[in-house]
Amino acid sequence: MTALHTRPIPRHAPALAHEHAWTAESRHRTSDGTVVYVRCTGCAARRVDLQQDSQLPPAGISRSIPRP
Ligand SMILES: [Zn+2]
């Protein structure tokens, strides 16, 4: 007798399958630099960036936070 095995279908959240299009929502100057709160216009994920020098591109200080 052959047992049938059903495999779970791998699911990937569609929100993670695209390249985020970050837009700055607000900026706050701190002693470490400018903290920029950004939001993805595509999936509403949020991230916090720290811009230490205006000559350099901002670096994310938090990972992307997908909207639940
Ligand atoms: Zn996104």
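**Exercise 1. The zinc site**

Work out the geometry of the zinc ion's site from the angles among its 4 donor atoms.

*Solution.*

Step 1. The angles among the 4 donor atoms run from 95 to 123 degrees. Four donors count as tetrahedral if all angles lie between 85 and 135 degrees, so the site of the zinc ion is tetrahedral. For comparison, the ideal angle for four tetrahedral donors is 109.5 degrees.

A word on what you are looking at: this is a predicted model, in which local features need pLDDT of at least 70 and side-chain atom pairs count only at pLDDT 80 or more, while totals for chains, interfaces and linings use all residues. Residues are numbered from 1 along each chain as its sequence is written, and side-chain values use heavy atoms, with hydrogens and water left out.

Step 2. Now find the donors in the structure. They are His18 through NE2, His20 through ND1, Cys40 through SG and Cys43 through SG, at 2.0 to 2.5 Å from the zinc ion. A donor here is an N, O or S atom within 2.8 Å of the metal (3.2 Å for Na, K and Ca); water is not among the atoms, so sites may look incomplete.

Step 3. Look along the sequence, where the donors follow the spacing H-x1-H-x19-C-x2-C. His18 sits in the segment before β1 (22–30) and Cys43 in the loop between β2 and β3, so this pair ties together parts that are 25 residues apart in sequence.

Step 4. Check the cover of His18: with 30% relative accessibility, His18 is partly exposed. The scale is buried under 20% relative accessible area, exposed over 50%, and partly exposed in between (1.4 Å probe, protein chains only).

**Exercise 2. The strands and their pairing**

Find out how many helices and strands the chain has, and in which sense β1 and β2 pair.

*Solution.*

Step 1. Count the elements: there are 0 helices and 4 strands. From the N terminus on, the order is β-β-β-β. Helices (H or I, at least four residues) and strands (E, at least two) are DSSP runs, numbered from the N terminus.

Step 2. Follow β1 into β2. These strands pair in the antiparallel sense over 8 bridges, and they form a hairpin with 2 residues between them. Two strands pair if DSSP finds at least two bridges between them. One bridge joins Thr23 to its partner Arg39 in β2.

Step 3. Continue from β2 to β3. This pair is also antiparallel, over 6 bridges, with Val38 bridged to Arg47 in β3. The hairpin of β2 and β3 has 5 residues between its strands.

**Exercise 3. An unusual backbone angle**

What is the phi of Ala44, and is Ala44 buried or exposed?

*Solution.*

Step 1. Locate Ala44 in the loop between β2 (33–40) and β3 (46–51).

Step 2. Read the angle: phi of Ala44 is near 70 degrees, a positive value in a residue other than glycine. Most residues other than glycine have a negative phi.

Step 3. Judge the cover: Ala44 has a relative accessible area of 18%, so Ala44 is buried.

**Exercise 4. Around Val38, Arg47 and Asp49**

Which residues does Val38 contact, leaving aside its neighbours within four places in sequence?

*Solution.*

Step 1. Val38 is in strand β2, and its relative accessible area of 7% makes Val38 buried.

Step 2. Beyond those neighbours, Val38 is in contact (heavy atoms within 4.5 Å) with Trp22, Thr23, Ala24, Glu25, Ala45, Arg46, Arg47 and Asp49.

Step 3. Move on to Arg47 in strand β3. With the same neighbours set aside, the contacts of Arg47 include Trp22, Val36, Gly60 and Ser64.

Step 4. Asp49 also has its place in β3, and at 4% relative accessibility Asp49 is buried. Its side chain makes a polar contact of 2.8 Å with that of Arg47. A polar contact is a pair of N or O atoms within 3.5 Å; within protein, one must be able to donate a hydrogen and the other to accept it, and residues adjacent in sequence count only if both atoms are side-chain atoms.

Step 5. Finish with Val48 in strand β3, which is buried at 19% relative accessible area. Val48 and Ser64 lie 16 residues apart in sequence, and their C-alpha atoms are 8.2 Å apart.

How values were computed
Four donors count as tetrahedral if all angles lie between 85 and 135 degrees; four count as square planar and six as octahedral if opposite donors are over 155 degrees apart and all others between 65 and 115; anything else is irregular.
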